[in-house]
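Trainee: I'd like to learn how to read a structure feature by feature. Can you walk me through one?

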Amino acid sequence: MSMTKFALFLTVCSFITHDCEVPIKHPYVYSSWNDCVAGAHLNGLKMLQMYDPEMINKYHLAVQFQCAEEIEM
């Protein structure tokens, strides 16, 4: 029986230049879509807080996320 898990990828992007940094795979694998999305918001906020607020405002930075299915056998 296979079980679906979700890997979380977080990317900081600029809404002004439309450039994004390289996606970072979160080390934790989530057991449900709900947990992955909740983790995306919590970890995305932590990631954004590592940037200087002036830089966030200047480049309109935000965190984009993807929860990708990983099927375990």
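Mentor: Sure. Let's fix one term before anything else: helices here are DSSP runs of H or I with at least four residues, strands are runs of E with at least two, and both are numbered from the N terminus. Keep in mind, too, that this is a predicted model.

Trainee: How many helices and strands does the protein have, and what pattern do they follow along the sequence?

Mentor: There are 2 helices and 3 strands, and read along the sequence they run β-β-α-α-β. The C-alpha atoms fill a box of roughly 50 × 20 × 15 Å along the principal axes. Of the 73 residues, 32% are buried.

Trainee: Let's try backbone angles. Which residue in the loop between α2 and β3 should I look at?

Mentor: The general idea is that most residues other than glycine have a negative phi. In this model, H60 sits in the loop between α2 (53-59) and β3 (61-72), and its phi is positive, about 50°, although H60 is not a glycine. H60 is partly exposed, at 44% relative accessible area.

Trainee: And what is the phi of H18?

Mentor: H18 isn't a glycine either, yet its phi is positive at about 65°. You'll find H18 in the loop between β1 and β2 (24-30). With 65% relative accessibility, H18 counts as exposed, since the cut-off for that word is over 50%.

Trainee: On to strands. In what sense do β1 and β2 pair, and over how many bridges?

Mentor: A useful habit is to remember that side chains in a regular strand alternate between the two faces of the sheet. Here, β1 and β2 run antiparallel to each other and share 4 bridges. One spot to click on is L10, whose bridge partner in β2 is I24.

Trainee: Why is β1 called largely enclosed?

Mentor: Because 9 of its 12 residues are buried, β1 is largely enclosed by the rest of the structure. Take L8, which belongs to strand β1 (residues 3-14): its relative accessibility is 0%, so L8 counts as buried.

Trainee: What does L8 touch beyond its sequence neighbours?

Mentor: Leaving out residues up to four places away, the contacts of L8 include I24, Y30, C36, A40, F65 and C67. A40 is 32 residues from L8 in sequence, but their C-alpha atoms are 6.8 Å apart in space. Now look at the whole chain: among contacts with a separation of 6 or more, 72% are between residues 24 or more positions apart.

Trainee: How many residues are in the largest nonpolar core, and which have the most contacts inside it?

Mentor: In soluble globular proteins, nonpolar side chains tend to be buried together. The largest such core in this model has 13 residues, and L8, C36 and C67 have the most contacts inside it. β1, α1 (33-48) and β3 each supply at least two of its residues. From C67, beyond neighbours within four places, contacts reach F6, A7, L8, W33, C36 and V37.

Trainee: Two cysteines among those names! How many disulfides are there?

Mentor: A disulfide is a covalent bond between the sulfur atoms of two cysteines. The count here is 2, and with the bonded cysteines numbered in sequence order, the pairing is 1-2, 3-4.

Trainee: Which disulfide is left-handed, and why?

Mentor: The one joining C36 to C67, with the sulfurs 2.1 Å apart. It links distant parts of the chain, with C36 in helix α1 and C67 in strand β3, 31 residues apart. Its S-S torsion is about -100°, so this disulfide is left-handed. Both C36 and C67 are buried.

Trainee: How far apart are the sulfurs of C13 and C20?

Mentor: They are 2.0 Å apart, and with 110° about the S-S bond, that link is right-handed. C13 is buried at 6% relative accessible area, whereas C20, at 45%, is partly exposed.

Trainee: Last one: which side chains meet in a salt bridge?

Mentor: Side chains of opposite charge can pair when their charged atoms come close. Here the count is 1 salt bridge, between E70 and K25, at 3.1 Å from N to O. E70 lies in strand β3 and K25 in strand β2, so the pair ties together parts 45 residues apart in sequence. Both ends are partly exposed: E70 has 26% relative accessibility, and K25 has 43%.

Terms used. Residues numbered from 1 in each chain as written. Predicted model: local features only at pLDDT ≥ 70, side-chain atom pairs only at ≥ 80, totals over all residues. Heavy atoms only, no water. Buried < 20%, exposed > 50% of the residue type's maximum accessible area, 1.4 Å probe, protein only. Contact = heavy atoms within 4.5 Å. Core = buried A, V, L, I, M, F, W, Y, C linked by side-chain atoms within 4.5 Å. Salt bridge = Lys/Arg side-chain N within 4 Å of Asp/Glu carboxyl O. Pairing = 2+ DSSP bridges. Disulfide = S-S within 2.5 Å.
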